[in-house]
Every structure is written in structure tokens, then in C-alpha cells.
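Please walk through the strand pairings of this protein, and then through the surroundings of one arginine.

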Amino acid sequence: MYKPERLKVSVVVVLLFFLLFSFPFSNMVSANVLTKDFEFGTWQMIVDGESGEGAFFYRFDFKDEGKVTVIKQYGGNNIEEEKTWQLNENLLSITSDSGALITDFDNIPFTVNEEGDLLYKNGFYEGVAKEHNSPLSIFHWVMILVVLMGLNELFRKSKWAGIIFYFILPIALLPIWTSYGVTYWFKWVKVYSVVGASVWFILMRYTKLGGLTSAKLVAALFLALNIGEAVTQDFTMGYLPNILNGIAGVLSIATLFYGFKDIYIEDSKERDMLWTKMPLLWIIAYDIWNWVFVYLNFPGSASAQFMVLLACTIPAMFIKKGTWLQARAFTLAAWFMYYFTFPRFTESAELLVPRNDFLMLSVAAISLIANAAYAYIYVKRVIRSKKQGKLTLV
């Protein structure tokens, strides 16, 4: 029986989680206002590229003697250079030596706003550099896992919390999201595809959709679409590690549909959507592929995405087996909604992940090997099932 008190509790809990995840941090980061006497330290910024470029991750280590070390990670490139900086009123200029590879800021100064942020705009490319606080960033990194796992449990136990979070907030927050300069097509497609998946899974859990084979196929197709978006991005980038990881993503899609007809809604208080035949080996291979994808295409987001992946895999392994797909949609959608609401803070709080040609090629090879290994197991199961006269893979 419906109780208004449950709706009120759900609203309060969702808002508390959302505020816990963001408000204290966003206030702390912009506490310093730049002046000529400012102790600069470490700053960082993510700039969305055009189609086929992914995102550019910049880290600036400003020094008192007018020197700044700039790190730029993007695509197949990882560059670190020493430059000079100068602050003139509210304009901060960075100057390169001759022959420099990072020339993005030459003759294009940052504008220092009232909050002390560095605003950058170069035609299509724009971003906001904020001070990077290492202890705060590590705390934030851990909280990504804690809060997303908490939200997943909340959405398992409260129908109204899920409805408020995934049916209402993505519409209510759209004006805010469009005002923050998140321009890359992949991020917009991703946020609404995973929100759409979350909405579909909630409908399956609480309506007659959950018993339809066609609805179960749509649930699996949401995941296939999610992987396909990333594969398209990898192949568009065109670097060897991206191509290897793109092939791994294709294998992940090809082996995805094992046992999808057996997805069912558990007759329990939580009404979990369970895919008990989704193999743990497939999930692990997917996690490796997905993290490598982010590492190669959006290097500034690699640290956070590691925790986002753990936030759905840990519950599916240790809290409720069979709930991985449901948890993946809930946690990934919640993360993207948080990012779109507070993009500049999350970008400034990302941790720098080591990146060079050897590491990029190595992790891409691991991704391909993991997914190829599971594809081999999958094919053996197909052959064995055919010999037994019962093809149960789908």
C-alpha cells in the first residue's frame, strides 16, 4: 500500500546523497582568489575536443619564479613541458619556448574570474582551470565508491527514490547542464542513454514489462548500445591502442547476450532485476575494456571511472549476485548526472594517472586478451550446447 511518508523519505535521502557528493567540495575548491601574491601550486583542467579528439587533460604546476610545468594528455599523446607565466591584473599568460609542442595557450591568456578560476577559450575549445587539492581529491575519489554504492542500495530498496532521481532530475537539471559548456557528443549521448536504461529497468521492476522477453532484450540492448558508443569513439580516434581496445569492445558485444531470456524480476521486497546467467568472467573483461577506453580517450576521467566500475561490480559480487546490469545503469547514470551538475569541480578533483606509449599499448593489449579469452570460452559453450542439442546461450 502506498504511504506518503515513504515518498518524503525518498526525496530527502536522494537530496542528501546528492548534496553530500558535491556541495562541501565545490565550496572548498574555489576558496582562494588569485592575486599577484598568490601561491599558485597545482591546477588542472579538462577541455572537450571536437568529434574524434576525445578530451584534453591539462595539469599546471605553477612556481613562484614565473615557471610553470604543463602536462597535456590526449589521444595518443602525453606531453610535459616547462613554460613561463605572468599575471597582469585579471589575465594570466603562459608563454612557450621555441619548438614547444603545447602551444594551446600562446597568445591566448586565461581570464581570472572573481572566484579565482582560470577561464580558457580558444575558438571551439573552452575550459575552466581550478586549483587541485590532493588530500581533498583522494577523499573525493574514495567517496565516489561509497556514495555510488549507497545510491545503488537506495534505488534497490526504494521505488520512489529511483523515480525522483532518474525520471525527474534529468529533466529538472537540464538547464543547468546546458549552461556549463560540456560540449563533447559522447558525454551527452552517454548521460541520457544510461538514464534511459535506468528508467527502463525501473519500469521492468515495477510493471508487467519485467515478464516480457522483448523487454529483456531491450535491457541487454541498452548495454550493447553503451558499449557500441565507446567502440565508435575508439575507432574514430584511430591510434593503435584505441583500435585494439575497440576490437575488445566488439568482442564484448558479441558475447553479451548469454542467457538474457532468463532475466527476471525477483519476487522480494527489493524487486531486483536479476541476470543470473551473466558470467563473472564477462563482467571482469568488460570492466577492463571500459576502464581502458576511458584511459585512452578521456585520460582526465580515468581515476574516477575506476571507482565507478567498482561501485557496480562489488555489489554484484558480494551483496546481491545477478544485479550487475541493474547496478551498472544506476551507478553510471548517477555519476554522469553528478558530473554534469558539477563538471568543473569533478575535473579539478581528478587524480593524475600515469600515461605513456608503453602503458597505453599494454593496457589495450590486456583488454583485448581478456575479451578474446572470454570469447573463446563463449564459443566453446556454443559448440557444446549445439552438440547437446540445446542452445541455451540466449
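The paragraphs below follow the strands first and a helix residue afterwards. The model is a predicted one.

Strand β1 covers residues 41-48, and 6 of its 8 residues are buried. Its partner β2, residues 55-62, runs antiparallel to β1 and is joined to it by 8 bridges. Within this pair, Gln44 has Arg59 of β2 as its bridge partner. The two strands make a hairpin with 6 residues between them, and Gly52 in that turn has a positive phi of about 90 degrees.

Strand β1 also pairs with β8, residues 125-131, again in the antiparallel sense, through 2 bridges. Here Trp43 is matched with Glu131 of β8.

From β8 the pairing can be traced to β7: 5 bridges join these two antiparallel strands. Tyr120 stands opposite Gly127 in β8. The hairpin of β7 and β8 has 2 residues between the strands, and Gly123 takes a positive phi near 65 degrees there.

Strand β7, residues 118-122, is in turn antiparallel to β6, residues 110-112, with 2 bridges between them. Thr111 has Leu119 of β7 as its bridge partner. These strands form a hairpin too, with 5 residues between them, and Gly116 in the turn has a positive phi of about 90 degrees.

The arginine is Arg328, which belongs to helix α10, residues 324-341. Which side chain of opposite charge is nearest to Arg328? It is Asp287, 6.0 Å away; Arg328 is buried yet has no salt bridge. That distance lies outside the 4 Å limit for a salt bridge. Leaving aside residues up to four places away in sequence, Arg328 touches Tyr286, Asn290, Val308, Leu309 and Cys312.

Note on methods. Residues are numbered from 1 along each chain as its sequence is written. This is a predicted model: local features need pLDDT of at least 70, side-chain atom pairs count only at pLDDT 80 or more; totals for chains, interfaces and linings use all residues. Side-chain values use heavy atoms; hydrogens and water are left out. Helices (H or I, at least four residues) and strands (E, at least two) are DSSP runs, numbered from the N terminus. Buried means under 20% relative accessible area, exposed over 50%, partly exposed in between (1.4 Å probe, protein chains only). Lys and Arg count as positive and Asp and Glu as negative; His and the chain ends are not counted. Contact means heavy atoms within 4.5 Å. Two strands pair if DSSP finds at least two bridges between them.
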